[in-house]
Structure formats: C-alpha cells, structure tokens
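Subject: Structure handover

Hello,

I am passing this structure on to you. Please have it open while you read; my notes follow it.

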Amino acid sequence: MSPVREDVVADALSDVIAVLNELDVGYLAIGGIATALRGIDKPVRDIDIFLREDDVPKVQEGLARRGFEAKDPEEDWLEKATRDDVLVDLIHRVDQRIEVTDEMIERGDTERVLGTELRVIGPEDLILSLAITDKPDTHYWKDALVVLGNSEIDWTYLERRTTEDPTRMLALLLHARAYDIEVPDHVLTNLVRRCPELQVHEDEGYLAARAKEALIHDERVGEPSLDITCEDGTIVVRGALPAEDRRRAVEDVLRERFPDAQVRNETTVAGGSEPADTERL
C-alpha cells in the first residue's frame, strides 16, 4: 500500500480535533504524533487519541458525521475509524492498565501538527506508556530512549506515575544509562526499592539472633533473658524488664539498628505494665 499523502492526513487530523473540541472531550494525542514531536523521525500516518472510555461513543458519532467509517477492532481497549486510508485509533486504555486522567491532560503540551493545534501527551507519560507496552518484536523502548534524550523530564512526577510496573521502568532507565542518557541516581535507587523481586529478605532466624544480640549488648537494655522471634518479617520482643525506660529503650535500640524493619514490643515492666503497641521502624 502506498503511503497516505500528508495533506490527506492533515485534513483527517483537523477534523478529528474539531470533533473533540466541539464535544469538549478531554484527550491527548499519543502514538506517532507524540513521538514525532519528541525526536522520532517518522512521518505521521495514523492518528492515535487517548481519551476516557465513556467519551468514545460520542466521538465515534462525531467522526461518522465527518465521513469516518467505524471499524471493529480485535482489541477491547480501543475503537477504530478510517477515512481516505487514514486510521484513527480511539484508545481508552494503554496495555490494559493506564487510563487517561485529568492530571495527565493538564500536563500535556499544546502543539501544532500538520497545521492543527492539539493537546499532546507529556514526555513523562509518553515514556511510561512506551515502557510498559514494549514487547520483544516492537520498537517502543528504542523510541522511549529518544524521548528521554530529547526531553526535560520531571523525575518526581515520573517516579510517582510509575506504579504499574516499576521493574520495567527500572530496566528501561538502566538501558538509558548504558547509552549515556542522564538518569538521576536517586530515581534508580527508589525504583529498586519498589521492585519486590529485587528485595533480599534476611533469614528470619538470623534477623532475630541479630536483634537479640543488639538488645543484650546495648547498655540501655542489657537484658539477655528477652525472648526474640521474627514473625512474617516483624521482630517480636517478649519478656519482662525492671523499669519503663528500659522497656521503651527496646524500641529505640531496634529503630537504630534495623531502620527498615517492623517491631512489636510485647515486653512488660516487672509488676504488670501492659505491652506497647506495634510500631513501624
């Protein structure tokens, strides 16, 4: 099939955006339009619009009034329409997980493409969508690297948005580092912490033994008779201490030595004080 002429794509894009504006629908242009604006040297042939699922039917009706013909897609996350061989994808879910939000729309950029002013997805959300939809036979990560290299990234926002698949985002950003694309150290560190499969949990018996040793040798507690176990990753301390300040010191010592652990202080003061509530350390 021969490429669709640019003027035909431009006419279709103008009508698509006119329909969205007439209906006052919140949207973002994604796909080839977005990547072309971020440095991917490819002609715009298709029109990909990211919008809310509830808005799709009325947009389809509006497009039909302008000569677009609806097509039945195999996928359940988009609807399709065509006119003069220009394909329009109305996408309401990316990779089954990401849906458009008011914040994403507000953070989008207003750009002029083929003579039409439209709202384009911001670089952070574009990178996220490319990162999680990549498959072995696609070009999405390659495109994501270009976007990373050509954009000023709000790393705080990108971190916050990376909730669906931190492992895939971490892999992409490490890949970017390998190509000398700047990625802040703290972003990589924070993503590592959010990847469950990368967390190394100490053997519970070993952790309990270390906690017991800490409480024996710290003069604030100094009590060898305490019973210390580790239950589902929580250090549990039981037994009696001669004074309230030493009972409270149990939490202070464990907080200092094991800042990422949880502790349940069930110790009492000799004479019958109630155990302290659970605290997160």
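Below are the notes, going from the whole chain down to single residues.

**Whole chain**

Please keep in mind that this is a predicted model. The protein chain has 11 helices and 11 strands. Its radius of gyration is 28 Å, and the globule rule gives 19 Å for 281 residues. The first value is well over the second, so the chain is more spread out than a compact globule. The box filled by the C-alpha atoms tells you more about the outline. Along the principal axes, that box is roughly 85 × 40 × 30 Å.

How much of the chain is buried? Of the 281 residues, 45% are. The accessible surface comes to about 15200 Å². Carbon and sulfur atoms hold 45% of that surface.

Next, the contacts. Take those in the protein chain with a separation of 6 or more: 59% of them join residues 24 or more positions apart.

Then the charges. There are 35 positive side chains and 64 negative ones. The centres of the two sets lie 1 Å apart.

**Strand β2 and its partners**

Strand β2 covers residues 47-51. It is mostly covered, with 5 of its 5 residues buried. In a regular strand the side chains alternate between the two faces of the sheet. Which residues of β2 point which way? Ile 47, Ile 49 and Leu 51 point one way. Asp 48 and Phe 50 point the other way. Both groups are buried. Note that Asp 48 is in that buried list.

β2 pairs with strand β1 and with strand β5. β1 (residues 27-30) runs antiparallel to β2, and 4 bridges join them. There, Tyr 27 has Leu 51 as its bridge partner. The pairing with β5 (residues 86-91) is parallel and also has 4 bridges. On that side, Ile 47 stands opposite Val 88.

Look at Asp 46 too. It sits in the loop between α2 and β2. Asp 46 is partly exposed, with a relative accessible area of 36%. Leaving aside neighbours within four places in sequence, Asp 46 is in contact with Ile 33 and Leu 87. Asp 46 and Ala 12 are 34 residues apart along the chain. Their C-alpha atoms are separated by 9.5 Å.

**Helix α5 and its surroundings**

Go to helix α5, residues 123-133. It is mostly covered: 11 of its 11 residues are buried. The buried residues include Pro 123, Glu 124, Asp 125 and Ser 129. Leu 126, Ile 127 and Leu 130 are also among them.

What do the buried residues of α5 pack against? The list has helices α2 (31-37), α4 (102-107), α6 (140-150), α7 (155-161) and α8 (166-178), and strand β6 (109-113).

Leu 128 is one residue to pick out in α5. Its relative accessible area is 3%; the cut-off for buried is under 20%, so Leu 128 counts as buried. Beyond its neighbours within four places in sequence, Leu 128 is in contact with Ile 98, Arg 161, Thr 162 and Met 169. Leu 128 and Val 94 are 34 residues apart in sequence. In space they are 10.0 Å apart, C-alpha to C-alpha.

Now follow the contact from Leu 128 to Arg 161. Arg 161 is in helix α7. Is Arg 161 buried or exposed? Its relative accessibility is 16%, so it counts as buried. Not counting residues up to four places away in sequence, Arg 161 touches Ile 98, Met 104, Asp 125 and Leu 128. Ile 98 is therefore a contact of Leu 128 and of Arg 161.

**Two loop residues to check**

Two residues have a positive phi although they are not glycines.

- Asp 24 has a phi of about 55 degrees. It lies in the loop between α1 (6-22) and β1. Asp 24 is exposed, with a relative accessible area of 69%.
- Asp 180 has a phi of about 60 degrees. It lies in the loop between α8 and α9 (185-193). At 75% relative accessibility, Asp 180 counts as exposed.

That is the handover.

Best wishes

Definitions and conventions
Residues are numbered from 1 along each chain as its sequence is written. This is a predicted model: local features need pLDDT of at least 70, side-chain atom pairs count only at pLDDT 80 or more; totals for chains, interfaces and linings use all residues. Side-chain values use heavy atoms; hydrogens and water are left out. Helices (H or I, at least four residues) and strands (E, at least two) are DSSP runs, numbered from the N terminus. The radius of gyration is taken over C-alpha atoms; the globule rule is 2.2 Å times the number of residues to the power 0.38. Buried means under 20% relative accessible area, exposed over 50%, partly exposed in between (1.4 Å probe, protein chains only). Contact means heavy atoms within 4.5 Å. Accessible areas come from the Shrake-Rupley method with a 1.4 Å probe; for residues, only the protein chains shown count as cover. Lys and Arg count as positive and Asp and Glu as negative; His and the chain ends are not counted. The place of a charge is taken as NZ of Lys, CZ of Arg, CG of Asp or CD of Glu. Two strands pair if DSSP finds at least two bridges between them.
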